[in-house]
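User: I should like to understand how the descriptive terms for this model are justified. Please set each value against its criterion before concluding.

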Amino acid sequence: MTSTSEGELPVARCVLPGCGNAAEEQGLPCGECAAAFGAHLRQTDGPPMTAEVQAKRDSETHATYAVLLAGGNPAAVPAAGGSAAAPSTTVGQPERKANQRCWMCEQRRTCTRQAHGWECDRCLEIR
Ligand SMILES: [Zn+2]
Ligand SMILES: [Zn+2]
């Protein structure tokens with residue numbers, strides 16, 4: 001939550017990412033953008049974006065732009081705001097499962113999926 005000092009109205013900003021113009025109303029595009037996009041812009045069914053959501057969305061958008069400009073992969077940009085739910089942390093990791101029978105030592109252990117079958121940590125280390 002951003003706290004505004006007393007007597008100071010929060011300034012509505014154009015809803016379009018990358019546009020810093022003042023808007024008549026929070027959640028709406030500025031006059032310039034409205035004129036530029038005309039019929040392409042329309043109010044979504046949901047409630048208008050709050051200033052907070054808009055700021056977060058913009059910071060994410062800008063982070064993605066920065067990576068794109070640097071020739072990087074935007075998918076690698078960590079989500080701004082540090083969302084607790086990050087479901088893609090295991091992407092690229094080999095699958096691990098407890099109580100699998102290792103194909104080398106034939107023991108039931110926590111194994112990692114390898115090309116030829118499950119392999120326990122011990123055998124992985126030996127190789
Ligand atoms: Zn605008
Ligand atoms: Zn093993």
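Analyst: Just after helix 2, G71 takes a positive phi of about 80°. The model is a predicted one, and the points below refer to that prediction.

User: What makes the span of helix 2 close to the expected one?

Analyst: Helix 2 covers residues 51–69, a total of 19 residues. From its first C-alpha to its last, helix 2 reaches 26 Å, and the expectation at 1.5 Å a residue is 27 Å. The two values are therefore described as close, the expected span being 1.5 Å times one less than the number of residues.

User: How confident is the predictor in helix 2, and which element has the highest mean pLDDT?

Analyst: Helix 2 has the lowest mean pLDDT among the elements of the chain, at 80, whereas strand 1 has the highest, at 95. For the chain, the mean pLDDT is 78, and 72% of the residues reach 70 or more.

User: In what order do the elements of the chain run?

Analyst: The chain has three helices and three strands. Starting at the N terminus, the order is α-α-β-β-β-α.

User: Why is A12 called partly exposed?

Analyst: A12 has 18 other C-beta atoms within 10 Å. A residue is buried at 20 or more and exposed at 12 or fewer, so the value for A12 falls in between and the residue is partly exposed. A12 lies in the segment before helix 1 (31–37).

User: Which residues are in contact with A12, leaving aside its neighbours within four places in sequence?

Analyst: They are A22, A23, E24, E25 and Q26. A12 and E24 are 12 residues apart in sequence, and their C-alpha atoms are 6.7 Å apart in space.

User: Why is strand 1 said to be hardly covered?

Analyst: Strand 1 spans residues 96–101, and the count of buried residues among these six is zero. Burial requires 20 or more other C-beta atoms within 10 Å, so none of the six residues of strand 1 meets that threshold. Over the 127 residues of the chain, 9% count as buried.

User: How do you know that strand 1 and strand 2 pair?

Analyst: Pairing requires at least two bridges, and strand 1 and strand 2 (residues 108–114) have four, in the antiparallel sense; they therefore count as paired. Q100 has R109 in strand 2 as its bridge partner. The hairpin of these two strands has six residues between them, and there E106 takes a positive phi near 60°.

User: What joins strand 2 to strand 3?

Analyst: Four bridges join these strands, which run antiparallel. Two bridges would suffice, so strand 2 and strand 3 also count as paired. C111 stands opposite C120 in strand 3, and the hairpin between strand 2 and strand 3 passes through two residues.

User: What makes strand 1 and strand 3 edge strands?

Analyst: The three strands form an open sheet in the order 1-2-3, with antiparallel pairing. Strand 1 and strand 3 (117–120) each have a single partner strand, so one side of each is left without a neighbour in the sheet. Neighbouring strands of this sheet are turned by 55° against each other on average, direction ignored.

Note on methods
Residues are numbered from 1 along each chain as its sequence is written. Chains are lettered from A and ligands numbered from 1 in the order in which they are written. This is a predicted model: local features need pLDDT of at least 70, side-chain atom pairs count only at pLDDT 80 or more; totals for chains, interfaces and linings use all residues. Axes are lines fitted to C-alpha atoms, for helices over the stretch in contact, and angles run from 0 to 180 degrees between N-to-C directions. Two residues are in contact if their C-beta atoms, placed from the backbone, lie within 7 Å. pLDDT is the predictor's confidence in each residue, from 0 to 100.
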